[in-house]
Amino acid sequence: MGTALSGDPVGHYRELSYWLSTLDEPLTPRPSLPGDADADVVIVGAGYTGLWTAYHLARADPALRVIVLEREIAGYGASGRNGGWCSALFPTSLTGLARRHGPDAAVAMQRALHGTVREVGRVVTAEGIDCDWADGGTVTLARTGPQLARARAAVDEARAFGFGAEHLALLDAREAADRCGAEGVRGGTYTPHCAAVHPAKLVRGLARAVERLGVTIHERTPVTAIRAGAAITAAGTVRAPVVVRATEGYTPMLPGQRRAVAPVYSLMVATEPLPAETWARIGLAQRETFSDHRHVIIYGQRTADGRLAFGGRGAPYHFGSRVSPGYDHEPRVFTALRRTLGELFPVLGPDLPVTHAWGGPLGVTRDWAASVGFDRASGLAWAGGYVGDGVGSSNLAGRTLADLIRGERTELTTLPWVNHRSPRWEPEPLRWLAVNAGLRVMASADGAESRTNRPSRRAATFSRFLGN
Ligand SMILES: Cc1cc2nc3c(=O)[nH]c(=O)nc-3n(C[C@H](O)[C@H](O)[C@H](O)COP(=O)(O)OP(=O)(O)OC[C@H]3O[C@@H](n4cnc5c(N)ncnc54)[C@H](O)[C@@H]3O)c2cc1C
């Protein structure tokens, strides 16, 4: 499995994820940029961020000339490989947002994210994007005492900001297990604000919708530099007064951006389609996405074709913010994911029927804050740093960028993440030491908590260090 970043004459794009492997369309790249061109807006990157930005710009002003430049093909990055949670999650907690921007701004941000899940669902229907959309919400299980305490704390936090049980409900053991029949469930939380999607169908369908609106997408066109007024490629330069950087985990490969985000890998596995009697035991009858309240994120969904797609963090950060197809595969992490899946669902049996394994980079900023912004003086715009929560929030980013670029002041352009500037990451080797130490603290905290059933103080300290 795997393909070279750019320049690979074959382009084994289907092998990049279970999702891309199931598309019934040829993944033939669209024509590359043939030479110099002029546009009103040039967007670098054809994942959700770039494509939602193009979509909303073209909808708002059909006369705008918008060009999207993509190094590989639309959906090559995290957008074609993720867990398919279109959620209202955000890397900064309500408390963290309130501390930085005030409680009203925190509430406004959360409401906008709730609305975004509905908005993506609306566009998917309006544009006829068949992406296995299921409005099942998310169940987050608690399987240890500390996890149960974190479930209660999450609900307390929601209540403190005025969000009632219709937004986040505390579940007892029976209610949680009824939704997701994992082993040792002691309780959990449930939010309706999430849809399960087939992520690659979403991004590829969005690319087609954008083209129908008159946007040009050039694939196999790596941008070598972004400057005010220009995106530069080996084939030519696209001159445009507005240049949007939508390159997320790949951003450090651009000149001058090495320390903007750290690419952190998330990896996934998928089982073969499971028999009906197994699903009768596991549940997820509404195709709820599922997780638990451990520190090192895990996430899963019941796919439309009856598989478990399951992922988690825990792969190492690579020195110098390097991104490479080789890093998509980390046998140690795949083994850990299989083990965790087996612990959650012993009904899967000792020979866990895993058929696919893959991964990809996501973008993490130094203060763990996602942002969207536009500098009118230079014409440079950006969005990203979603950590692992970009499926929904990239739509909010695209709508917001369209307003900012068109000079509209709207309720979106005053949200607290707009024009937030994250500090740069430390130079190496400090960055490598810090990110990997953090990943190790969280992993060992989970191990200690399941052994002792007591909360890890080191993990709590690390969370505070992140300002979350
Ligand atoms: C395994 C995994 C699971 C995840 N699960 C979830 C989930 O369940 N829910 C959720 O909300 N989020 C999840 N995420 C995160 C989510 O997928 C991302 O936040 C989201 O896809 C980001 O979209 P994007 O368009 O900003 O970036 P990407 O999808 O990474 O797109 C960036 C694009 O830019 C292109 N590019 C980069 N550099 C250049 C260049 N120089 N020139 C031209 N093109 C360039 C890349 O080829 C790529 O196509 C997951 C991520 C991973 C990796």
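The legends below describe close-up views of a predicted model.

**View 1. The six-stranded sheet is open and has mixed pairing.** Read across the sheet, the strands come in the order β9-β3-β2-β13-β20-β19. Strands β9 (216–218) and β19 (371–375) form the edges, and each of them pairs on one side only. On average, neighbouring strands of this sheet are turned by 15 degrees against each other, with direction ignored. In general, the strands of a sheet pair through backbone hydrogen bonds, and they do so either parallel or antiparallel.

**View 2. Strands β2 and β3 run parallel within the six-stranded sheet.** How many bridges join strand β2 to strand β3? There are four, between residues 41–44 of β2 and residues 66–69 of β3. Within this pair, V41 stands opposite V66 in β3. Helix α10 (residues 390–405) packs on the sheet, where it touches β2, β13 (242–245), β19 and β20 (380–384). The direction of α10 makes about 15 degrees with that of β19.

**View 3. A shell of 35 residues lies around the ligand.** Which of these residues come nearest to the ligand? They are T49, E70, S79, G388 and V391. By residue class, the shell divides into 16 nonpolar, 14 polar and five charged residues. Several elements each supply at least two residues of the shell: α2 (48–60), β14 (262–271), β18 (354–364) and α10. Helix α10 therefore appears in two of these views, as it also packs on the six-stranded sheet.

**View 4. Backbone and side-chain atoms of the protein lie close to oxygen and nitrogen atoms of the ligand.** A backbone N or O atom of G388 lies 2.7 Å from a nitrogen atom of the ligand. For A78, the atom concerned is again a backbone N or O, and it lies 3.1 Å from an oxygen atom of the ligand. N82 takes part through its side chain, with a polar atom 3.3 Å from an oxygen atom of the ligand. Is the ligand mostly buried or exposed? Taken alone it exposes 1,000 Å², and the protein buries 99% of that.

**View 5. The four-stranded sheet is also open, with mixed pairing.** The order of its strands is β1-β12-β11-β10. At the edges are β1 (37–38) and β10 (223–227), each pairing on one side only. Inside the sheet, strand β11 (residues 230–233) and strand β12 (residues 237–239) pair in the antiparallel sense over three bridges. A231 stands opposite V238 in β12.

**View 6. Two loops contain backbone geometry of a less common kind.** Most residues other than glycine have a negative phi, and most peptide bonds are trans. What kind of peptide bond joins E428 and P429? The bond is cis, with omega about 5 degrees. P429 is placed in the loop between α10 and α11 (430–452). R220 is not a glycine, yet its phi is positive, near 50 degrees. This residue sits in the loop between β9 and β10.

Notes:
Residues are numbered from 1 along each chain as its sequence is written. This is a predicted model: local features need pLDDT of at least 70, side-chain atom pairs count only at pLDDT 80 or more; totals for chains, interfaces and linings use all residues. Side-chain values use heavy atoms; hydrogens and water are left out. Two strands pair if DSSP finds at least two bridges between them. Axes are lines fitted to C-alpha atoms, for helices over the stretch in contact, and angles run from 0 to 180 degrees between N-to-C directions. Contact means heavy atoms within 4.5 Å. A residue is near a molecule or strand if one of its heavy atoms lies within 4 Å of it. A polar contact is a pair of N or O atoms within 3.5 Å; within protein, one must be able to donate a hydrogen and the other to accept it, and residues adjacent in sequence count only if both atoms are side-chain atoms. Accessible areas come from the Shrake-Rupley method with a 1.4 Å probe; for residues, only the protein chains shown count as cover. Ala, Val, Leu, Ile, Met, Phe, Trp, Tyr, Cys and Pro count as nonpolar, Asp, Glu, Lys and Arg as charged, and the others, Gly among them, as polar.
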